[in-house]
Protein chains: 2
Amino acid sequence: MEMLFRYNWQVRQEWLDWCKELPTVELERERTGGVGSILKTLNHIVDVEYSWICDLQGKPDQSELFQSADSLEQIAALSEHFRPEISEYVSAWKPEMEQQILQAVREDGSSEQYTYGEVMRHVIAHEIHHMGQMSVWSRELDKKPVSANLIRRGLA
Amino acid sequence: MEMLFRYNWQVRQEWLDWCKELPTVELERERTGGVGSILKTLNHIVDVEYSWICDLQGKPDQSELFQSADSLEQIAALSEHFRPEISEYVSAWKPEMEQQILQAVREDGSSEQYTYGEVMRHVIAHEIHHMGQMSVWSRELDKKPVSANLIRRGLA
């Protein structure tokens with residue numbers, strides 16, 4: 001579990017660095033797919049990861065901080081700010097937490113349940129999926145995307 | 001580990017079904033990003049997954065079968081054909097296999113090493129990444145993409 005989180009954080013940092021080479025207008029431009037622009041997608045990735053980790057800890061999330069973050073610097077700062085807490089949670093993960101139940105409420109007010117194990121993997125897959133979208137936008141900008149390879153990153 | 005493979009297989013099947021609604025010319029059209037067309041991307045996903053599982057088992061891969069597969073039906077058939085073997089390998093995965101070493105040879109002839117654990121996660125991330133690319137192409141075609149959510153799939 002932890003290796004995939006560390007993979008996501010490494011890839012995210014590379015995308016944040018990649019973004020520094022782009023003018024703001026390209027970071028903010030509305031694009032097809034994903035949640036819209038490059039900045040909105042990065043913001044969404046950081047927000048979703050932290051929100052779920054809050055849910056698993058029974059803590060309120062900090063969605064209002066993400067709603068007001070609209071620059072690359074702010075998003076990078078939020079990513080960095082919440083990393084130690086998330087990293088601590090992921091490092092402390094134990095196999096017996098897999099089947100713990102998270103009670104959630106759907107938008108229509110009805111309730112649903114997830115296991116902690118599926119939520120953790122949902123968070124992992126969520127970021128990789130959006131990074132795949134970023135890679136298409138990168139090629140549309142005629143720029144080389146960040147490598148999606150998990151091997152050759154010294155993660156093992 | 002197994003849940004993420006099962007997630008990928010479920011999502012892949014939904015994309016294969018989604019593709020049935022598209023005319024062949026759209027499946028074959030060269031697109032920006034990924035390995036080109038929708039069909040080439042799906043073929044690549046199935047090929048890469050099986051090739052790595054062969055490597056981990058010390059078996060020759062079957063790349064020539066993938067080189068000659070160029071229709072949706074052929075790719076779906078290869079995906080289905082290799083599933084039992086891959087599924088058996090994934091189900092038999094044990095934590096002590098994590099640190100086993102796979103010797104590999106780079107294109108330039110030099111050697112490199114991976115742990116079995118990182119290869120397994122590389123395979124998982126590889127498919128999710130390419131499915132993210134598919135989702136952008138789907139929106140470009142003005143079609144709703146397959147959901148990337150891992151929750152609400154009954155995987156736990």
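**Salt bridges**

I searched the whole structure for salt bridges and got 22 over all chains. I'm keeping in mind that this is a predicted model.

I picked out one pair in chain A: the side chains of Glu30(A) and Lys40(A) meet in a salt bridge, 2.6 Å from N to O. Glu30(A) sits in the loop between helix H2 (24–28) and H3 of chain A, while Lys40(A) is in helix H3 of chain A, so this pair ties together parts that are 10 residues apart in sequence. Side chains of opposite charge can pair when their charged atoms come close.

Next I asked how many salt bridges the rule finds across the interface of chain B and chain A. There are 2. I noted the one where the side chains of Arg152(A) and Glu112(B) meet, at 3.1 Å from N to O.

**Interface of chain B and chain A**

I looked up polar contacts here too: the rule finds 10 residue pairs across the interface, with both residues at pLDDT 80 or more. Then I checked which elements of chain B touch chain A: helix H1 (2–19), strand S2 (111–115) and helix H6 (116–140) each supply at least two residues of that side. H6(B) gives the largest share, 16 residues. By class, I have 17 nonpolar, 10 polar and 6 charged residues on the side of chain B that touches chain A.

For the contact as a whole, I count 33 residues from chain B and 32 residues from chain A. The area buried between the two chains comes to about 3,000 Å², and carbon and sulfur atoms give 71% of that. Which residues of chain B lose the most area to chain A? I find Arg121(B), His129(B) and Ile151(B), together 19% of what that side buries.

**Symmetry**

I superposed chain B on chain A: a rotation of 180° with 0.0 Å of shift along its axis does it, at RMSD 0.0 Å. That is the relation of a two-fold axis. I also compared the two sides of the interface: 97% of the interface residues of chain B are also interface residues in chain A, so the copies meet through the same surface.

**Annotated site in chain A**

Last, I pulled the UniProt annotation, from an unreviewed entry: "binding site" covers His44(A), His126(A) and His130(A). They are spread over 87 residues of sequence, yet they cluster in space, with a largest C-alpha distance of 9.9 Å. I placed His44(A) in helix H3 (residues 38–57) of chain A. Lys40(A), from the Glu30(A) salt bridge above, is in helix H3 of chain A as well.

Conventions
Residues are numbered from 1 along each chain as its sequence is written. Chains are lettered from A and ligands numbered from 1 in the order in which they are written. This is a predicted model: local features need pLDDT of at least 70, side-chain atom pairs count only at pLDDT 80 or more; totals for chains, interfaces and linings use all residues. Side-chain values use heavy atoms; hydrogens and water are left out. Contact means heavy atoms within 4.5 Å. Buried area is the accessible area (1.4 Å probe) that two parts lose on being put together, summed over both. A salt bridge is a side-chain nitrogen of Lys or Arg within 4 Å of a carboxyl oxygen of Asp or Glu. A polar contact is a pair of N or O atoms within 3.5 Å; within protein, one must be able to donate a hydrogen and the other to accept it, and residues adjacent in sequence count only if both atoms are side-chain atoms. Helices (H or I, at least four residues) and strands (E, at least two) are DSSP runs, numbered from the N terminus. Ala, Val, Leu, Ile, Met, Phe, Trp, Tyr, Cys and Pro count as nonpolar, Asp, Glu, Lys and Arg as charged, and the others, Gly among them, as polar. Copies are superposed by least squares on the C-alpha atoms of residues with pLDDT of at least 70 in both. UniProt positions are given in the numbering used here, feature names are shortened, and annotations may be inferred rather than shown by experiment.
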